[in-house]
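User: I have a model open on my screen and I'd like to learn how to read it. Can you walk me through it?

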Amino acid sequence: MRRRVCILGATGSIGTSTLGVIARHPERFEVFALTAQQRVDLLFEQCLAWRPRFAVLPTDAAAAGLRGRLRDAGVATEVLSGAGALCELAAHPEVDTVMAAIVGAAGLAPCLAAARAGKRLLLANKEALVLGGAFFVEAVRAGGAQLLPIDSEHSAIFQCLPEDPRVWRERIDHIVLTASGGPFRTRDPETLADVTPDQACAHPNWVMGRKISVDSATMMNKALEVIEARWLFDLAPEQIKVVIHPQSIVHSMVVCRDCSVLAQLGTPDMSVPIAYGLAFPERVESGAAALDFMNLAPLTFEAADERIFPGLALAWQALRGPDGSSAVLNAANEVAVAAFLAGTIRFDEIHTVNMRTIEAVLPASGATASLEGILGLDAQARRRAAAFVDALAR
Ligand code: NAD
Ligand code: MG
């Protein structure tokens, strides 16, 4: 039986790479649903190529436009609209696998729907887990879903621990997430105020969406990944460490109690973790290039400079803070990055907004016990962060 796949965020970097892997294995996978927020032309092309049962766009007007074009092209894809349709398809009885490749908190509700419906959930959308925390993990457990990480670092750790990673807790001393250090690793911290969005998005090793590219430049991506790892592998905050590894060949490491270190290596290509998640526990061709050990640059490791990456420490601050602090940090960072990309605040002010927001918004107890509570906290933190952005922009 072919696995039926729903791709949330099909037009993005992870979404298109997912279709690239699926294209290599038509006998294994079937595209059931494709969703997008923007880039309607690309979604149209994808529908022509894949003939999914469903497609989703954010508004009725956008959906009507795509419906007309598909009808004229003789494609029978049913076009739905709105966030409710994302949840409906993520939980659709005919779907086996959901690729969560939406960026940001908008992915939380559909991820929860997939978790509750017991799907195989391929999680690229780390923000959903950072926001949802324990509540998300409990939904996965209660729904009998299979949560497989797509983030390359977390896939690496998962691959080093082929049994259920959560039973490994006792055997692990700590994990080490590798970070490339992004485009500004060697920059004079005094000059960071002047960098432009395009410079921040020019990642040396990976081609990604703009939000995660900015997060890589600030290392807030690694901060979110520390929180993601805490929930995926049920680790204490002090069991998660970060090292800069500019070549992005070692994707992360597990340090066992006996000091044995397990690592996963490969060329920096998201097709590898995507193929692993799609075919798990089997291994299928991903389309990535193999590592060429005879011509590899030396692999180096170094500490993150706190003056360049002040945001990294916010991960542990949030994890040690009251429940919901990670949700506040994520919301602040989404607002701050959007403001930076829009030219409203400077690059170094992203950290100012994040720090001020996490200090100003103290989650009420019980705020993270329901989806409504979490989304309410997210909205509250966004309002506060937006006020800090306004103050800085003046
Ligand atoms: P992207 O910006 O390239 O694509 C995002 C996709 O989500 C697009 O299809 C877009 O239309 C859709 N989308 C955006 N906002 C939406 C909303 N409000 N509602 C519904 N759909 C929406 O992003 P990406 O680089 O593919 O990243 C996707 C996720 O994967 C992020 O959470 C990112 O952190 C994570 N991730 C990406 C990479 C990578 O290499 N790109 C690596 C690891 C993890
Ligand atoms: Mg990553």
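Here is a short chat about the sheet, a helix and the ligand shell.

Analyst: Sure, and keep in mind that this is a predicted model. Where shall we begin?

User: With the sheet. In what order do the 7 strands of the open sheet come?

Analyst: For any sheet, list the strands by who sits beside whom. Here the order reads β4-β3-β2-β1-β5-β6-β7, with parallel pairing. The edges are β4 (78-81) and β7, each of which pairs on one side only. Neighbouring strands are turned by 25° against each other on average, ignoring direction.

User: And how many bridges join β3 to β4?

Analyst: There are 4 bridges between β3 (residues 54-57) and β4. As an example, Ala55 has Val79 in β4 as its bridge partner. Helix α2 (residues 40-50) packs on this sheet, touching β2 (29-35) and β3, and its direction makes about 155° with that of β2.

User: Now α7: is it enclosed or not, and why?

Analyst: Check burial residue by residue. In α7 (residues 152-160), 9 of the 9 residues are buried, so the helix is largely enclosed by the rest of the structure. Those residues pack against several elements, including β7 (146-149), β8 (172-179) and α10 (220-232).

User: Last one: which residues come nearest to ligand 1?

Analyst: Look at the shell first, then its makeup. Of the 24 residues around ligand 1, the nearest are Gly9, Gly12, Ala106, Met208 and Gly209. Helix α1 gives the largest share of the shell, 3 residues. By type, the shell divides into 12 nonpolar, 9 polar and 3 charged residues.

Methods:
Residues numbered from 1 in each chain as written. Chains lettered and ligands numbered in written order. Predicted model: local features only at pLDDT ≥ 70, side-chain atom pairs only at ≥ 80, totals over all residues. Near = placed C-beta within 6 Å. Helix = DSSP H or I, 4+ residues; strand = E, 2+ residues; numbered from the N terminus. Nonpolar A, V, L, I, M, F, W, Y, C, P; charged D, E, K, R; others polar. Buried ≥ 20, exposed ≤ 12 C-beta atoms within 10 Å, placed from the backbone. Contact = placed C-beta atoms within 7 Å. Pairing = 2+ DSSP bridges. Axes fitted to C-alpha atoms, helices over the stretch in contact; angles between N-to-C directions.
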